[in-house]
Amino acid sequence: MNDTTLPVIERALLQVARDQGFATARERLEVMSPQCGFGELGTCCRICYMGPCRIDPFGNGPKTGICGLTPDAMVARNLLRDTVGGTASHVGHARHVLLALRDTLDGKAPYQIKGVDKALALAKKFEVPTEGRDIKDVCRDLVNIALEDFGRQDEAPNNWVSKRAPLVEQELWKKLGLMYSNPHNEIETAMHATSMGNDADPMSMMMRVLKMSLIDGWTGLTLCVDLQDILFGVPEPAVTEAAVGVLEEHSVNIAAHGHNPVLSEKVLEWAAKLEGEARAVGAEGINVVGVCCTGNELSMRHGVRLAAHNSQTELILATGAVDAMVVDIQCIWPQLAQVAKCFETAFITTDDMVRIPDAMHIPFEPVHADENARKIVEQAIAAFRRRKAKQQPVHIPQLKSTAVAGFSVEAIIDLLRKLDAEDPLKPVLDNVANGNLFGFVGVVGCSSIKFRDKAMTEEMVKHLLRQNVLVLTTGCTAHICGQEGLMNSEATLRYCGDGLKAVLTVLGRAMGLDGPLPPVWHMGACVDNSRIVDLMVALAERLGVKVGQLPAVGSAPELVQEKAMSIGGSFLALGVSCHIAPAPRILGGPMVTQLLTRDLKDVTGAVVQVELDAKAAADWMVGHIAEKRAALGL
Ligand code: BF8
C-alpha cells in the first residue's frame, strides 16, 4: 500500500500509529488481500448448512447452489439482507429517539422540547391541532402517531411515509407495491423471505430491496431526524473545525462517537457542568470533540469540532490524547478497545447492543441520562488525571481546517428568504435555469481505507465544484470534506467554477459573511440524508416536477456500511440516480446488475453507476445532470 498518496492528515495520523508500533486497518487489509472473489461478486451463500455454496460466475464449476438457487437469486438475497441490516440500524435508532421523546413528555427523561417550530410544522403536516394547545400535548399527539406506525397490524399505510413523502412518488410506490405499514413487520418478512427455502425470484427480492430502502428513508431517516429536531432543536449554520488538530494536550479530551444524540447531547451538557472538576485536576478544560455521525450531530447543533471519520477512529486513539471515547451504536470498531488499552484512554460503551471485550461499559438509559452522563464525564476526568500523572506522551498532528456546519433545510430557506421573502426557492431555481448552478450532488456515506490513498471523495468533490455543481454532504464524507478545507469561503474561491462562485458570493453576502458561502454544505449525519431529500422535494414541488427530474444525483464514493446501501436504495426509489464505489456485491448476478445499472430507469427513473476513478465519477454525474437539464428544457 502506498502511504505517500494518502491525504496529509491521514498520513500524519498513520505515522503516529506506526511510530508507536501499532498495526492499523491498512495492515490488516493488506494481510487479508486478495479478498474473496466469490464474496465480492455476491455469489457466496452461507444461509443454510448444506453450504457454504459458491458459484463461479465465469461458468467454471457449479452453476447453482446445492438447493438449486441461481446466481441472480443468490446475489439478490444477499443484497436484501444487506439492506435489512442498514434499515434495521436506522429504524432502531429512530425508535430509540421516539421512546426518549415519549419519556421526556411523560416527565421521566431529563430532556426538553427545543424544536418548538419543528413540532408545529410537523403538526401541520400530520393534521394535529395546535391552536391554544400546550406544545407538549402537540408533541404527544405526534409521538402517538409515530408509535402507531411501530405497532400496527392492519396494513394501513405507514403514517410517516404517507404524510411526509411527496404525493406523486407515493402514487408510483403504490403501483409498484412498495408502500409499507409497520417497519418491524417488513424487516421480519424480509428476513423470513431470505431464509432457506423461501423467495427464489431475483426480481421479487429486488422489489423487496426497494421497499426496505423506502422504509429506511421515511422511518429510519425522516422520522428519526424529525423527532431529534423536536428534542434537540433544528440546526443552524455555525463555524467549527475539522481534523485531529482539534484535540488539546492539556484538556480533558472526550471523543463522542456513534450516532445517537440522545447520549451525546447529555455528555456535552455534563462536560460543561463539570469544567470545575476538570480544572481542579489540572486540566485547562473539557474538550468534547466529535467522531463519525455523533460528531456530525454535535457539530450541526452546537458547532462542536470534528476530530475523525470512521477510518481514523483507531488512529486518533493512537495520539494518546483522547481521555475518553464514548460510543453508542453503529460503526464502532472492536479494535478501538484494544488501542485504548495501550493508553489511559477510557473506552466506554453505553448500549447493551454494543458490548466489546475490554471496553468499560456504562449503561446509558434516557430516563437516567443525567447520572449516566455525569459518570461518563467523571471517567474522562479520571483518565486525564492518570495520563498526566504518568506523563504519558501525546502526539497530536497540528492539522485542522475551518468548516461551516448546520445546513438544515429550515436554515437554508431562512437564508434564501433574505433574497426573496415571498418565494425563497426562486433565486435558486433562477440560477439553475441560467446555468450558474449546474446541479446538485449529495455526496454521502463512509470513508473507506480502500479509497483513502487516492483521496476519492475529496478529488471527486473538487471536480464537481469546478463544474458548478453544489455539493450537499452528510456522514463521514462530511468529515472528509471538512478536513480537506472544502467547507469554508476559501474553498469557494479556490475550487468553484465562476457560476457557482457567483451564487455563493451572493448568498454569503446575504448571510452577512465576509466571503462567499462554502461550496460543500454540511447537512449532518447519515440519518440527515433526509434533509437532502427534504430540500430536493421542496425544489421539485416548487418547480412542479418529480424529484427524479431535478438536475441532482447521489454519490456514495467510499461505501463501507450496509446503511449506505439502504440509503442509496431510498434515493433510487425517489428516482434519483446514484454513483457508488466500490461495486456493490451484485456483479455475479447478471440480471440484478442489469436491473440496477440500466433497467431500473424504466421502473423508478434512476440508475446506479459504479465508478472507482474520482474524475470519471464526477464526469458521469455531470453528464447525468446535463441530461436532466436538457429534459427540463434547460
Ligand atoms: O452512519 S458514514 S462509516 S459513521 S455508516 Fe458509519 Fe458510514 Fe461513517 Fe455514520 Ni454513516
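Student: How do the residues of the shell around the ligand divide into nonpolar, polar and charged?

Tutor: Good place to start! In this predicted model, the shell has six nonpolar, five polar and one charged residue. Cys counts as nonpolar and Gly as polar in this scheme, and the shell includes Cys292, Cys293, Gly445 and Gly475.

Student: What makes His259 a polar contact of the ligand?

Tutor: A polar contact needs a pair of N or O atoms within 3.5 Å. A polar side-chain atom of His259 lies 2.7 Å from an oxygen atom of the ligand, so the pair meets that cut-off. Lys563 offers another case: an N or O atom of its side chain is 2.9 Å from a ligand oxygen. As for elements, helix 13 (292-302) and helix 20 (475-483) each give two or more residues to the shell.

Student: Why is the ligand said to lie between domain 3 (244-390) and domain 4 (409-631)?

Tutor: Because both domains give residues to the shell around the ligand.

Student: How do you know that Cys526 is a donor of the nickel atom of the ligand?

Tutor: A sulfur atom counts as a donor within 2.8 Å of this metal. The SG atom of Cys526 is at 2.2 Å, and Cys526 is the only protein donor. You can find Cys526 in the loop between strand 13 (520-522) and helix 23 (529-543).

Student: Why is the arrangement of the four donor atoms around the nickel atom called irregular?

Tutor: The angles run from 91 to 153 degrees. A tetrahedral label needs all angles between 85 and 135 degrees, while square planar needs opposite donors over 155 degrees apart. The upper value of 153 degrees fits neither rule, so the arrangement is irregular.

Student: What makes the pair of Phe22 and Phe343 tilted?

Tutor: This structure holds five aromatic pairs. For Phe22 and Phe343, the ring centres are 5.8 Å apart and the planes stand at 40 degrees. Rings pair within 6.5 Å, and planes under 30 degrees apart are stacked while those over 60 are edge-to-face, so 40 degrees is tilted. The two residues are 321 residues apart, and their pair links distant parts of the chain.

Student: Which peptide bond leading to Pro34 is cis, and where does Pro34 lie?

Tutor: The bond from Ser33 to Pro34 is cis, with omega near 0 degrees. Pro34 lies in the loop between helix 2 and helix 3 (37-41). The bond from Ala581 to Pro582 is also cis, with omega near -5 degrees. Most peptide bonds are trans.

Note on methods
Residues are numbered from 1 along each chain as its sequence is written. This is a predicted model: local features need pLDDT of at least 70, side-chain atom pairs count only at pLDDT 80 or more; totals for chains, interfaces and linings use all residues. Side-chain values use heavy atoms; hydrogens and water are left out. Donors are N, O and S atoms within 2.8 Å of the metal (3.2 Å for Na, K and Ca); water is not among the atoms, so sites may look incomplete. Four donors count as tetrahedral if all angles lie between 85 and 135 degrees; four count as square planar and six as octahedral if opposite donors are over 155 degrees apart and all others between 65 and 115; anything else is irregular. Helices (H or I, at least four residues) and strands (E, at least two) are DSSP runs, numbered from the N terminus. A residue is near a molecule or strand if one of its heavy atoms lies within 4 Å of it. A polar contact is a pair of N or O atoms within 3.5 Å; within protein, one must be able to donate a hydrogen and the other to accept it, and residues adjacent in sequence count only if both atoms are side-chain atoms. Domain bounds come from an automatic or database domain assignment. Rings of Phe, Tyr and Trp (its six-membered ring) pair if their centres lie within 6.5 Å; planes under 30 degrees apart count as stacked, over 60 as edge-to-face and the rest as tilted.
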